[in-house]
Amino acid sequence: MESSALVYIFLTIVTLLLALCVDNRAYVPGHISGRRFPGTDVGFRREQARNLVAEIAIFCLLTGVSACRIAVGNDYWPYRFNFRLIAQERHVSSELGFNLIVKGMQDLFGYDNYLPIFALFSFLTVLFFVLALHDQGSHYAFSLFLLMTGGYYFNSLNTVRYYLALAIALYTMKYVLRGEYGKFILWVVAGTAFHKSILLVIPVYLVARWLAATRLKKWHYVAGGILILSLIFAQDVYRGIIFRFYGFYENSDFDNGRLSYVNILKCVAVLILCGICYRRSLRDNMAARFYFFLNVAGLVAFCCGTFTPEVSRVAYYMVISQIFLIPRLLADMEKTWLRRLMYVGVIGAFTVYFVFLLRGMYAVDVRLLPYLNWIFN
């Protein structure tokens, strides 16, 4: 592992140290519910000012590293090539909204001036990640730790359009929890300007919200079983629907039917943790139950949706909720040896995952390392 990997390591450490200064536990319930609770202070408190300064610093650091990159990511130069085609008004497979923004940026900054375009999408992606953490991260530092070590931020340096859509989806979860479904759908529709796959979250998030508010009965389990069986035995039907929108994926290198054992293991481990914490954290907590059902949906996608090209792009819309669920579960556990053991286990597991993630960034099909930027390189 060469020296430029230290950029990612130091970025993670510094942003986590800043995140330790953020304490928004008193404000997250209001952000999620959309209302101020009785007894909550009116006005801008010193604690909120400290939170805001730390969050802005985190945003600037994450945006800076992402926006200043050059030749980082296996799709960096293909994106530049597509920018040229868009400027020439030739056909590309990306969504209309993305194409219009790229065309407008090149009209403004000049043909093939691709650095401001990457910087803009870095700004937007990090903005939605940080806003989601602000609104839903009751244990801010831990949620940021999971976002960073889980690879969501670093992978956003690749697959630009998808990770912007993923960040928007994460941000919209608060509207689902509030029951503000019109705002939720409007944000998702806006996200389709960058990646059509975000439309999937409309039925998935709404069903998860409905299940979170419902005491499950036998017919719920029967319906879930039928859905799983359909994913196993009616794969041709689903593939036909998928390839109507993404025909270029059919029989491509992405259409490989590969299982992601690491992601399956993560989902199973979270479900075990949910079982341990059910009484204290899940039984009567709407938000936690919503994140729980998204994790279940993600596990089903990873196990039964391998017929979908790049199934992780489907499942990540669901399992990214783990960055909010895991901290809630651990914080609600009684202060015993088991709670301490769980903290050590989760932090250790994600740290090891981060180390392997860094090592894998040198792969030809990833190329997130070595890190280069247009300031020094």
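Start with the lining of the largest cavity in this predicted model: by class it has 3 nonpolar, 4 polar and 1 charged residues. To see them, select S66, R69, F118, F121, S122, T125, S156 and V160. The space they line has a volume of about 40 Å³. Now colour helix 6, residues 115–136, since you'll want it as a landmark: with 4 residues, this helix gives the most to that lining.

How many cavities of 30 Å³ or more does the structure hold? There are 2, so hop over to the other.

For the second largest cavity, select L146, Y152, K266, Q322, I323, I326 and F350. About 40 Å³ of space lies in there. The lining here has 5 nonpolar, 1 polar and 1 charged residues. Which helix gives the most to it? Show residues 322–332 and you have it: helix 18, with 3 residues.

Last stop, a helix pair. Bring up helix 9 (residues 160–178) together with helix 11 (residues 201–212); their axes come within 10 Å and cross at roughly 40°. That angle makes helix 9 oblique to helix 11, and the crossing is right-handed. Turn on side chains for the contact: on helix 9, pick A169, T172, M173, V176 and L177, and on helix 11, pick V201, Y205 and R209. Colour this set by class and you'll get 6 nonpolar, 1 polar and 1 charged residues.

Before you move on, go back to V160: this residue lines the largest cavity, and helix 9 begins at residue 160.

Note on methods: Residues numbered from 1 in each chain as written. Predicted model: local features only at pLDDT ≥ 70, side-chain atom pairs only at ≥ 80, totals over all residues. Heavy atoms only, no water. 1 Å grid on protein atoms, 1.4 Å probe; cavity = no way out; pocket = protein on both sides within 12 Å on 5 of 7 lines; lining within 4 Å. Points joined across faces, edges and corners; volume = space filled by probe spheres on them. Helix = DSSP H or I, 4+ residues; strand = E, 2+ residues; numbered from the N terminus. Nonpolar A, V, L, I, M, F, W, Y, C, P; charged D, E, K, R; others polar. Axes fitted to C-alpha atoms, helices over the stretch in contact; angles between N-to-C directions. Parallel < 35°, antiparallel > 145°, perpendicular 65-115°, else oblique. Left-handed = near helix turned anticlockwise from the far one by under 90°. Contact = heavy atoms within 4.5 Å.
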